[in-house]
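Grab a pencil and try these exercises on helices, cores and a sheet. Each one has a task, then a solution you can follow step by step.

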Amino acid sequence: MPGLPFEIGPSSFTAIVGFFISLWLGCYLVTHTTHSRVAWLAILTILSLAGYFLHAVLCLHVPAVQAGFLWRRFLGWFAIPALPLWLHVTASLLPAEFARRERWFVIGMYAAAIILIGLWLFGAWTFSTASLVPLELAPPLALLAVVAALAATANLVVAQYTVRDPILKRRQRLLLIATVLGSTGAIYWSLFAAWWSPPWDPPTTLALGHSLLIAGLLTLAYGIVRQNVFLTGQWIARDALYFLFAIAAVALLYVVAIAGAWFLARALNFDALMLILVVVTGLVIVTHLLTDWVRAAWDAIFFRELRPLRAEMRFLAQEMSRHVQPEQEMQFVVESVAHLTGSPRVSLALDEGGSWAIRASTHKERIGEKADLEQTDAYFFREPLRVFDKTVGYLLLGEKSEGAGYSRQDRAWISALSARLAPMLEQARLREAATHKLAALAQEVTQIQSQEQAMHQEMQHVLAGSRPPIDRFELCEAIRYHNHPERLAELLRREGSTLAALPTVARAGPRAVPALQQCLTTAVEALRPPNNLPSLEALRARPVRIKSRRHLPSTVADYYTARLVMAGYTFEGIAEELGVSSRQAQNYFERVITRLLGFLEMRKGEIS
């Protein structure tokens, strides 16, 4: 290119383009990714390639001998970390059992890369203008590169055939194409050219290799922009277009401004460097101040269907934070979506135990039902809610009220809305799970405290030499046979019966059995919650999603367990009545006996 202090040939041009693309992709991922481990590994890989392209540009245009091969020694090693890093990315996409098998292999590749970097920096190597790498290190570097490329390709092939999600299949297919193109351009092509000795000059050979590597980067860029690779749960196509436009416009503006300042300084005999400094400083201030205004104008012109998205999402986030119960949050979401889309039938289905249960709907009678996503006529449109690589639910929409279908703009809006709703709903789910866990822990603490109290009371009776404490197993029998007077009479006639020693029972004489029944009834009624006691019918009719958690308030569970045992129910019958497992019903009964023991010990001589 005339007028420049050096000639820009094909190899220089491809290295410059590769540096800009890899640097843009790396920085874009840093500012937009969800910062998962896989995303960070991909970022480091791409920035490592940016360092390699920068090294190639400097090696092509800075006299190597005069600079003491400075760039080749201190920048050339930047390409080495990309090999184990990308291998680690592909290994992280494998199923868990495959990833565990490959863990030590990935660690070994990292160790080999670190050793080669140390040798590159501190070894006495022969650097030549004919090669970008030290000649003595070329064989081990080639071996590491080939092994890493083959292993990464194999990982993606395995992941492609083991994953079931079609969205993940599409993303991994793009990663496989990018890996094949990049490894061919950076590794296989160089080895083939060294063995074959092509008829064209070395710069052209290098340019062809760089072109294949750039094709792999462009494939990866397409995957990031259109398929959300490493950016699951975000709608970024318009952002990518905006940033590409902004980068191109700002770069062109700087080039024009610097060139204009240069020619103006030459014409007016000013200090060119000072004038360029002033112009660049002014451009920095202006471009940063106008960023938001340009973004708003861009949305208004090209993405009018997405203009209300930010305001609506801000309103949704504010309203959802006011609802304490997750059910209220989700119901508010579906009603808002129905209002915004014009669809009278909107439901929200979340994953519960391997099936999709409707947690909120504009038709409230459907809440708690299982959503059959295989029936294509059940819902006119469905949009997945994804957090990272996991589908946490679906936003299901019926046909619009006026009978019209969903346009491309409607689908774009719903996709953008779903991408922002998914993290909110996942946060609500985690908050609900934490609340239930805390409730279970509090229930366990209450149970332990009751047991400690009963043990303390028993110890006091023993130390005071008073009547013996009530036998736990005897009380269990008495509760079970509450409606069988003959069995209670047999129980009281046993030698050393602790229930027969109760004052009210001992004073009753021949009416000892009715007195014992009254004692037990009074003790069980003392377990009754003071207010808000749901009926058994309400407990049976509660939604399946709540039953699946097998959780009841401790006071409600204890009271109904005691009543049902006294009525002659088995643990299986109690489990069916309360909607819990039989094991949970047994746990409830153990807790009931502990509480009844404490009550009866405290009320000895007072129960009439």
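**Exercise 1.** Find the helix that holds Thr 219, then decide whether this residue is buried or exposed.

*Solution.* Step 1: Thr 219 sits in helix 8; helices (H or I, at least four residues) and strands (E, at least two) are DSSP runs, numbered from the N terminus. Before going on, know that this is a predicted model, where local features need pLDDT of at least 70 and side-chain atom pairs pLDDT 80 or more, while totals for chains, interfaces and linings use all residues. Residues are numbered from 1 along each chain as its sequence is written, and side-chain values use heavy atoms, with hydrogens and water left out.

Step 2: buried means under 20% relative accessible area, exposed over 50%, and partly exposed in between (1.4 Å probe, protein chains only). Thr 219 has 16% relative accessibility, so it counts as buried.

Step 3: look for its contacts (heavy atoms within 4.5 Å). Setting aside neighbours within four places in sequence, Thr 219 touches Leu 174, Ile 177, Ala 178 and Leu 181.

**Exercise 2.** Work out which helix gives the largest share of the largest nonpolar core.

*Solution.* Step 1: a nonpolar core is a set of buried Ala, Val, Leu, Ile, Met, Phe, Trp, Tyr and Cys residues joined through side-chain atoms within 4.5 Å. The largest one here has 51 residues, and Leu 25, Phe 53, Ile 80, Leu 144 and Leu 220 have the most contacts inside it.

Step 2: several helices supply at least two residues each, including helix 1 (10-32), helix 2 (37-61) and helix 8 (202-226). Helix 2 wins, with nine residues.

Step 3: another core, of 45 residues, lies apart from this one, and Leu 475, Ala 478, Leu 491 and Phe 571 are among its members.

**Exercise 3.** Explain why the buried residues of helix 16 lie on the same side.

*Solution.* Step 1: in helix 16 (residues 485-492), the buried ones are Leu 488, Ala 489, Leu 491 and Leu 492. Step 2: they share a side of helix 16 because they cover an arc of only 160 degrees around the axis, taken from the directions from the helix axis to the C-beta atoms. Step 3: these buried residues pack against helix 15 (472-480), helix 17 (503-508) and helix 18 (512-525).

**Exercise 4.** Name the edge strands of the open sheet.

*Solution.* Step 1: four strands line up in the order 2-1-4-3, with antiparallel pairing; two strands pair if DSSP finds at least two bridges between them. Step 2: strand 2 (355-361) and strand 3 (381-387) each pair on one side only, which makes them the edges.
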